[in-house]
Amino acid sequence: MRKRNASILIPALELEECRQDFLKRELSLNPDTPYATQDIAVAMLEKKARNWDRWVTLSIVFLLILPLPFVRFEAWPQGTIVFERIIMPWSRFQICYVDYVHKEPVVEEYRFTWKGELLPRNISLPLFARSHAVDPPLLKWQNNPDIVLKDIFYEGDFLQIKTFWRPILLWPFAMGFQIRSYR
């Protein structure tokens with residue numbers, strides 16, 4: 001009978017030694033303190049929290065590196081940028097003007113696909129900003145305030161609409177570069 005108990009006690013002692021080694025090595029805890037069991041629980045939760053923090057950080061970095069579609073409105077042939085925005089599947093814009101022939105307001109609505117393509121597909125780019133307009137046309141991006149296309153209208157330029165893909169992390173740097181190039 002002693003042999004059975006001895007064989008049971010030896011693994012139990014080895015298990016306790018392994019546990020104390022683990023506490024000292026991995027969790028930097030002293031197993032001899034009276035609050036060792038509470039410390040173990042807190043240390044295990046902290047280890048899970050560190051793992052969670054790593055996963056969240058990696059997923060944020062992945063989302064920032066992920067390329068998204070952008071649209072840029074610019075005057076053509078001058079190349080001055082009217083504005084640039086991120087395209088979402090629900091993104092839309094309108095070009096509003098008063099028709100020269102019929103003297104009635106006209107609203108041309110455009111949308112984008114989830115791939116960043118302009119809808120309707122049958123339009124020819126670049127758009128002539130004063131072909132049928134009495135006054136400078138308005139460009140309305142979703143529900144934002146209107147942008148009056150005065151410079152494009154009076155100079156007889158076209159409105160060029162370009163779509164392209166760029167990682168969202170690079171967008172602020174590109175905008176800063178564009179602002180710097182205007183100075």
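Here are a few exercises on this structure, each with a worked solution.

This is a predicted model, in which local features need pLDDT of at least 70, side-chain atom pairs count only at pLDDT 80 or more, and totals for chains, interfaces and linings use all residues. Residues are numbered from 1 along each chain as its sequence is written, and side-chain values use heavy atoms, with hydrogens and water left out.

**Exercise 1: the open sheet**

Work out which strands stand at the edges of the five-stranded open sheet.

*Solution.* Start with the terms: strands are DSSP runs of E with at least two residues, numbered from the N terminus, and two strands pair if DSSP finds at least two bridges between them. Next, write down the order, which is 5-4-3-7-8 with antiparallel pairing. Now look at the ends: strand 5 (118–119) and strand 8 each have a single partner strand, so one side of each is left without a neighbour in the sheet.

Then zoom in on one pairing. Strand 3 (residues 92–98) and strand 4 (residues 105–112) run antiparallel and are joined by seven bridges. Here F93 sits opposite Y110 of strand 4.

**Exercise 2: a salt-bridge network**

Find which residues are joined with E84 into one network by shared salt-bridge partners.

*Solution.* A salt bridge here is a side-chain nitrogen of Lys or Arg within 4 Å of a carboxyl oxygen of Asp or Glu. The whole structure has five of them.

Step one: R72 and E84 meet through their side chains, N to O at 3.0 Å. R72 belongs to strand 1 (residues 67–76) and E84 to strand 2 (residues 81–86), twelve residues apart.

Step two: E84 also bridges to R166, with the closest N and O atoms 2.9 Å apart. Since R166 is in strand 9 (residues 158–167) and E84 in strand 2, this pair ties together parts 82 residues apart in sequence.

Step three: check the burial, where buried means under 20% relative accessible area, exposed over 50%, and partly exposed in between (1.4 Å probe, protein chains only). R72 is buried, E84 is buried at 2%, and R166 is buried at 13%.

For another salt bridge, try E109 and R111, 2.9 Å from N to O. E109 is partly exposed at 35%, and R111 is partly exposed at 40%. Back to the task: the network joins R72, E84 and R166.

**Exercise 3: an unusual phi**

Locate Q142 and say what its phi looks like.

*Solution.* First, Q142 lies in the loop between strand 7 (138–141) and strand 8 (147–148). Second, its phi is positive, about 50°, although Q142 is not a glycine. Third, Q142 is partly exposed, at 23% relative accessible area.

Notes: Helices (H or I, at least four residues) and strands (E, at least two) are DSSP runs, numbered from the N terminus.
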